[in-house]
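Subject: Structure handover

Hello,

Here is the structure I promised you. Please open it first, then read my notes below.

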Number of protein chains: 2
Amino acid sequence: LGFGYPHLVEKKIKRLAKILEENSVESAVLLSKGNFLYMTGIDAVGAVYINPSTEEYVAIAPLMEFWKVASEVEGKMKVYAYSRIAFREDQELPLILGGLEEAVRSFLEKDASVAFDIEPPQSSSLSQSLSGKKTVNAGKEISLMRRRKTEEEIELIKTASEITERALMKSLDQLRDGTTERRFYAELLRNLYNEGADGIAFDPIVAFEENASNPHALVGERKLKRGNAVVIDAGAKFRSYCSDMTRTILYKAESYRILLENLISAYNSALDILRPGVRAKDVDMEARKALSWRGLEKYFIHSLGHGVGVEVHEPPSLSLLSDEVLLEGDVVTIEPGFYMPRKLGMRVENTVLVTEKGGRPLNKIGLLIEI
Amino acid sequence: LGFGYPHLVEKKIKRLAKILEENSVESAVLLSKGNFLYMTGIDAVGAVYINPSTEEYVAIAPLMEFWKVASEVEGKMKVYAYSRIAFREDQELPLILGGLEEAVRSFLEKDASVAFDIEPPQSSSLSQSLSGKKTVNAGKEISLMRRRKTEEEIELIKTASEITERALMKSLDQLRDGTTERRFYAELLRNLYNEGADGIAFDPIVAFEENASNPHALVGERKLKRGNAVVIDAGAKFRSYCSDMTRTILYKAESYRILLENLISAYNSALDILRPGVRAKDVDMEARKALSWRGLEKYFIHSLGHGVGVEVHEPPSLSLLSDEVLLEGDVVTIEPGFYMPRKLGMRVENTVLVTEKGGRPLNKIGLLIEI
């Protein structure tokens, strides 16, 4: 990749500074775990403080996570560790003694106006120190900013998707008569890391035949048999960005092809209408309609998809209850499935970028795999 | 193992019923994620409702997790799914339409007194429906109950520990000149599942030499060299119970033996004083003193350990800030380490049961491994 993570951090700081300008606010404090992960690349209980006018760009991390955060944001943010115990007081480490909120307070003192990403807890020492200051909840704007993925973010998700695909393809020859779910799962995990994953976006799902009638199945000692459908749902992380993909693999199971093709049709129907301005719930409904024509809709018992970024589930939700409208730059999953109790389940899923020209899948391997 | 998970669920219900009796309360509602996991074995946003007088033993699970929960608590608790969308309304599935709190409310209506494990959110529909009822916060008592592990729970943690040890030993021959951290990590993960893990208690840590100076290091492309110390921190889950173990492996690195032996001495010093009635902070201090005699204390920048059960970090905390006293049945880690910035880090860790006779390590393999 032609850019480092610090470059991406710089870009994100600029986007945040723009939100502050639009709200006429001096500084921003991000406290949610998801936003800390977004800004620093590290999944920890920390805070980010930004003040463009004084050029303070700060990450406050738990002591144990200090080194990880420091290496991710190198040169773009100043990193402080916080700890209630004075470990390493004699070292070069910038340590703030106390809890996270106390650490954050010390940065806010001089600011007359602050934007937060969440409502600070009413009872906290932090909220007490805000009296007399103008505060703004910019949570919604930050969420919208995160939804519009930059070119670099899209490249990272694409790389994570490629790693996932290579890991799956390399694992396929382990699907043989008698292979257990657990053994295949172990193989898949190994391949995810060997192909370059920095982590996994979620615990993968590997389910054979009737076990796949549970959409979130756990692995067991079930053995693969001729005529089985195999559902594999997995996603690598690359530089803190997630991927998410599901394939249903037909193992000498020609008679299931028509069912799988029906599911793929539902995927395609939803993909076809994906574009900026479309309501998220209409995309869900489109897949549901396509399955309904085929008698499968009553077995489709979850929402169609969700946003993907540094979190594997983030806005928007492609659900019947969603009131969101798709934006250019949204990266979402489309994942129709059906689950026939105690019999059979299938799901197909790609991660898809929303562009002015429509949905562009970031996965490349086909949806119909028969071995 | 000579007992199923449902047997364990039954035992937990009885323990909970005893707390209700002692508090003269009719029913209990558990809302924290950790307590739901403790009662059902499944890590999900759900609730448990228990009313011994009416013999209602209920788990309320998100629709997607219904089948997992149902299979874990089979015959011992009735399971309901909750969902805001009426998927599967025509099926046998007991579905409650709405959010979790609305689902919980319907069970509480007739009860005059209820114990909770957490303070229900002030603004919620749940807290409104409690007016006129006696409510008790039994969070502390439930936490103490969870700390006193039963014989069956100890067996499960022991099995998880054995899986972790077999996986580590099977991976060791991959530690050769030029092996990368990532490749070894992939191998270790595969072996954890192949040896019978149902999941992992946390993302393992594999760090060579200077990378191990970060206690929570991420894997990279670093290659193993003669003279390196290798820190491996990993834990399998077995039937929802966690294990947690760290070994520092000396790879043709005789000159490091004395440092590792010093660390092991600190471990032994702490283990020696572990027994019911001892203050958790004194155990931490004991290891710190032992390291101090050897000039390593200033590099020991985290707490000595933590409780282990269905959560990999649960009470008690073996920390200087802890005000807890050890109990018979506590299962805790003892994990001293030292971290010399940009140079070297080492840590050793066992999971240890607190008995009347002292600390009994649930790990069996030695702390000093040289290859």
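**The seven-stranded sheet**

A:A28 has A:A115 as its bridge partner in β6(A). This is a predicted model: local features need pLDDT of at least 70, side-chain atom pairs count only at pLDDT 80 or more, and totals for chains, interfaces and linings use all residues. Residues are numbered from 1 along each chain as its sequence is written, chains are lettered from A and ligands numbered from 1 in the order in which they are written, and side-chain values use heavy atoms, leaving out hydrogens and water.

Helices (H or I, at least four residues) and strands (E, at least two) are DSSP runs, numbered from the N terminus. Two strands pair if DSSP finds at least two bridges between them. Strands of a sheet pair through backbone hydrogen bonds, either parallel or antiparallel.

Strand β1 (residues 27-30) of chain A runs parallel to strand β6 (residues 113-116) of chain A, and three bridges join them. What is the strand order in this open sheet of chain A? The order is β5-β4-β3-β2-β1-β6-β7, with mixed pairing. At the edges stand β5 (95-97) and β7 (134-137) of chain A, each paired on one side only. From one strand to the next, the twist averages 25°. Axes are lines fitted to C-alpha atoms, for helices over the stretch in contact, and angles run from 0 to 180 degrees between N-to-C directions.

Helix α2 (residues 33-40) of chain A packs on this sheet. Helix α2(A) touches β1, β2 (47-51) and β3 (56-62) of chain A, and its direction makes about 65° with that of β2(A). Contact means heavy atoms within 4.5 Å.

**The four-stranded sheet**

Chain A also has an open sheet of four strands, in the order β9-β10-β13-β21. Its pairing is mixed. Why do β9 (205-208) and β21 (369-370) of chain A each have one side without a neighbour in the sheet? Both stand at the edges with a single partner strand, so one side of each is left free of a neighbour there.

β9(A) pairs with strand β10 (residues 228-234) of chain A in the antiparallel sense, over four bridges. One partnership to find is A:F208 with A:V230 of β10(A). Helix α8 (residues 181-194) of chain A packs on the sheet and touches β9 and β10 of chain A. The direction of α8(A) makes about 150° with that of β9(A). Helix α7 (residues 151-171) of chain A lies across β10 and β13 (245-251) of chain A, running at about 20° to β13(A).

**Helix against helix**

Helix α1 (residues 5-22) of chain A packs with α7(A) at an angle of about 135°. Their axes are 10 Å apart. That makes α1(A) oblique to α7(A). (Angles under 35 degrees count as roughly parallel, over 145 as roughly antiparallel, 65 to 115 as roughly perpendicular and the rest as oblique.) The crossing of α1(A) and α7(A) is left-handed. (The near helix is then turned anticlockwise from the far one by less than a right angle; clockwise would be right-handed.)

Which residues make the contact? From α1(A) come A:H7, A:L8, A:K11, A:K12 and A:R15; from α7(A) come A:E152, A:E153 and A:L156. The residues of this contact divide into two nonpolar, one polar and five charged. (Ala, Val, Leu, Ile, Met, Phe, Trp, Tyr, Cys and Pro count as nonpolar, Asp, Glu, Lys and Arg as charged, and the others, Gly among them, as polar.)

**A hairpin and a cis bond**

Strands β14 (residues 305-307) and β15 (residues 314-318) of chain A pair in the antiparallel sense over three bridges. A hairpin joins β14(A) to β15(A) through six residues. In β15(A), A:S317 is the bridge partner of A:H306. A:P316 lies in β15 of chain A. A cis peptide bond joins A:P315 and A:P316, with omega about 0°. In chain B, the peptide bond from B:P315 to B:P316 is cis, with omega near 0°.

**The two chains**

Chain B can be laid on chain A with an RMSD of 0.0 Å, by a turn of 180° and a shift of 0.0 Å along the axis. The two copies are thus related as by a two-fold rotation axis. (Copies are superposed by least squares on the C-alpha atoms of residues with pLDDT of at least 70 in both.) Of the residues of chain B, B:R190 comes closest to the rotation axis, at 2.7 Å (C-alpha). 100% of the interface residues of chain B are also interface residues in chain A, so the copies meet through the same surface.

Best wishes
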